[in-house]
Amino acid sequence: MRRDITFKSDGIDLAGWLYLPEESIGNAPWPTVVMANAFTAVKEIYLSNYAERFAAAGLAVLVFDYRNFGASGGEPRSQLFPHEQLEDLRNAITWLRRQPGIDPERIGAWGVSLGGGHVMFLAAFDKRIKAVVAMIPAINQWENFLTAMPREAFFGFLGTLAQDREVRYDSGQVNYLPLVAPPGQGGLMPDEAYQFYTQVQQTIAPEWANRISTQSLEKFASYDPAGPIHLISPTPLLMIVAEQDQIIPPLLARTAFERALEPKRYLSLPCTHTAVYNTDPFLSQATTAAIDWFREYLVGSQERAEPNA
């Protein structure tokens with residue numbers, strides 16, 4: 001059902017998993033979903049919870065690690081430039097379209113958190129994507145920072161980034177900050193993220209690194225994933241939002257969604273940001289909504305008409 005794969009992105013080897021449905025579900029070529037991961041996350045962090053259910057529903061699925069993370073190549077490690085990750089997603093789609101058993105004209109994109117922002121941004125410009133599911137998506141990082149911290153603290157943070165650039169210009173040294181830390185110890189993300197990432201590092205993803213390059217944050221702060229949301233149409237967009245999200249303010253998501261054009265759907269779940277990864281009923285609700293969306297807009301009218309579809 002799942003096999004290890006590698007593909008090239010800008011000359012870098014990216015590592016992933018390709019899930020294929022069992023033959024009893026239907027015949028190839030399969031409609032396919034490429035999955036876009038969260039901020040600094042690796043593929044082991046619960047993506048299989050969704051990928052396995054998608055495959056059981058008759059969808060092929062590609063899960064992979066972005067460059068500089070997980071089992072993929074690339075240097076420096078733990079460096080996250082949003083537009084490089086968008087290139088990785090574009091190249092993932094290009095690779096998928098060349099694989100036996102994959103229908104190149106029925107490829108959808110699913111993303112979580114930062115990956116949810118990525119698939120929205122990409123779908124506005126890459127019309128090879130035929131349906132989009134953006135789960136707890138990143139919206140506008142500048143506004144997100146201003147919502148999460150006092151204005152004075154935010155501009156102090158920008159000063160830290162500028163200082164790092166000055167030092168880096170002279171030395172070329174890559175500096176790092178911890179992504180999460182115990183309460184009161186200066187982590188970049190809220191306590192919810194500390195609990196989540198600490199638990200997964202101790203269990204399912206021991207190779208996940210609790211750090212991010214300072215230069216990454218400079219790039220990240222200016223990223224506006226939902227800026228071109230009005231250009232996604234006619235590609236269908238499903239946005240899934242957590243009402244108790246401490247990481248991405250639900251109001252930002254709702255405001256962005258209102259700018260999107262039809263076809264679109266907004267699903268709000270009464271849970272925290274991280275609950276959708278592995279906690280029922282929210283995991284099942286989000287999975288079911290995504291499968292229904294892909295069935296409606298990706299699988300195709302003939303397969304939708306089948307009694308067991």
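# Helices and selected residues in a predicted model

Helix α6 covers residues 191-202, and at 1.5 Å a residue its 12 residues should span 16 Å; the end C-alpha atoms of α6 lie 17 Å apart, which agrees with that expectation. The model described here is predicted. Within α6, the buried residues are Glu192, Ala193, Tyr194, Phe196, Tyr197 and Val200. Part of what covers these buried residues of α6 is α9, formed by residues 275-278.

## The loop after α9

Between α9 and α10 (282-299) runs a loop that holds threonine 279. Is threonine 279 buried or partly exposed? Threonine 279 is partly exposed, because its relative accessible area is 33%, and the buried class is reserved for values under 20%. Threonine 279 and alanine 60 are 219 residues apart along the chain, and their C-alpha atoms are separated by 24 Å.

## Helix α7 and serine 216

Helix α7 is largely enclosed by the rest of the structure, because 6 of its 8 residues are buried. The buried residues of α7 are Thr214, Gln215, Ser216, Leu217, Phe220 and Ala221. Several elements pack against these buried residues of α7: the helices α2, α3, α4 (141-148) and α5 (151-171), together with β7 (176-177) and β8 (212-213).

Serine 216 belongs to this helix, α7, which comprises residues 214-221. With a relative accessible area of 0%, serine 216 is buried. Which backbone atom does the side chain of serine 216 reach? The side chain of serine 216 reaches the backbone nitrogen of leucine 80, at 2.7 Å. When neighbours within four places in sequence are left aside, the contacts of serine 216 are with Ser78, Gln79, Leu80 and Phe81. Leucine 80 thus appears both in the contact list of serine 216 and as the residue whose backbone nitrogen the serine 216 side chain reaches.

## Two pairs of packed helices

Two packed helices are described by the angle between their axes and the distance between the axes. The table gives these values for two pairs.

| Helix pair | Angle between axes | Distance between axes |
|---|---|---|
| α2 and α3 | about 65° | 10 Å |
| α4 and α5 | roughly 130° | within 7 Å |

Helix α2 comprises residues 82-96 and helix α3 residues 114-125, and the two pack at an angle of about 65°. That angle makes α2 roughly perpendicular to α3, since the roughly perpendicular class runs from 65 to 115 degrees. The crossing in which α2 passes α3 is right-handed. On the α2 side, Pro82, His83, Gln85, Leu86, Leu89, Arg90 and Ile93 take part; in α3 they meet Leu114, His118, Phe121, Leu122 and Phe125.

For the second pair, the axes of α4 and α5 cross at roughly 130°. That angle makes α4 oblique to α5, because it lies outside the 65 to 115 degrees that count as roughly perpendicular and is not over 145, the limit for roughly antiparallel. The crossing of α4 and α5 is right-handed. Trp142, Phe145 and Leu146 in α4 meet Arg151, Phe154, Phe157 and Leu158 in α5.

## Asparagine 144 in α4

Helix α4 also holds asparagine 144. Asparagine 144 is buried, because its relative accessible area is 8%, a value under the 20% cut-off. Apart from neighbours within four places in sequence, asparagine 144 is in contact with Ile247, Ile248, Pro249 and Leu252.

Key. Residues are numbered from 1 along each chain as its sequence is written. This is a predicted model: local features need pLDDT of at least 70, side-chain atom pairs count only at pLDDT 80 or more; totals for chains, interfaces and linings use all residues. Side-chain values use heavy atoms; hydrogens and water are left out. Helices (H or I, at least four residues) and strands (E, at least two) are DSSP runs, numbered from the N terminus. Buried means under 20% relative accessible area, exposed over 50%, partly exposed in between (1.4 Å probe, protein chains only). A polar contact is a pair of N or O atoms within 3.5 Å; within protein, one must be able to donate a hydrogen and the other to accept it, and residues adjacent in sequence count only if both atoms are side-chain atoms. Contact means heavy atoms within 4.5 Å. The expected span of a helix is 1.5 Å times one less than its number of residues. Axes are lines fitted to C-alpha atoms, for helices over the stretch in contact, and angles run from 0 to 180 degrees between N-to-C directions. Angles under 35 degrees count as roughly parallel, over 145 as roughly antiparallel, 65 to 115 as roughly perpendicular and the rest as oblique. A crossing is left-handed if the near helix is turned anticlockwise from the far one by less than a right angle, and right-handed if clockwise.
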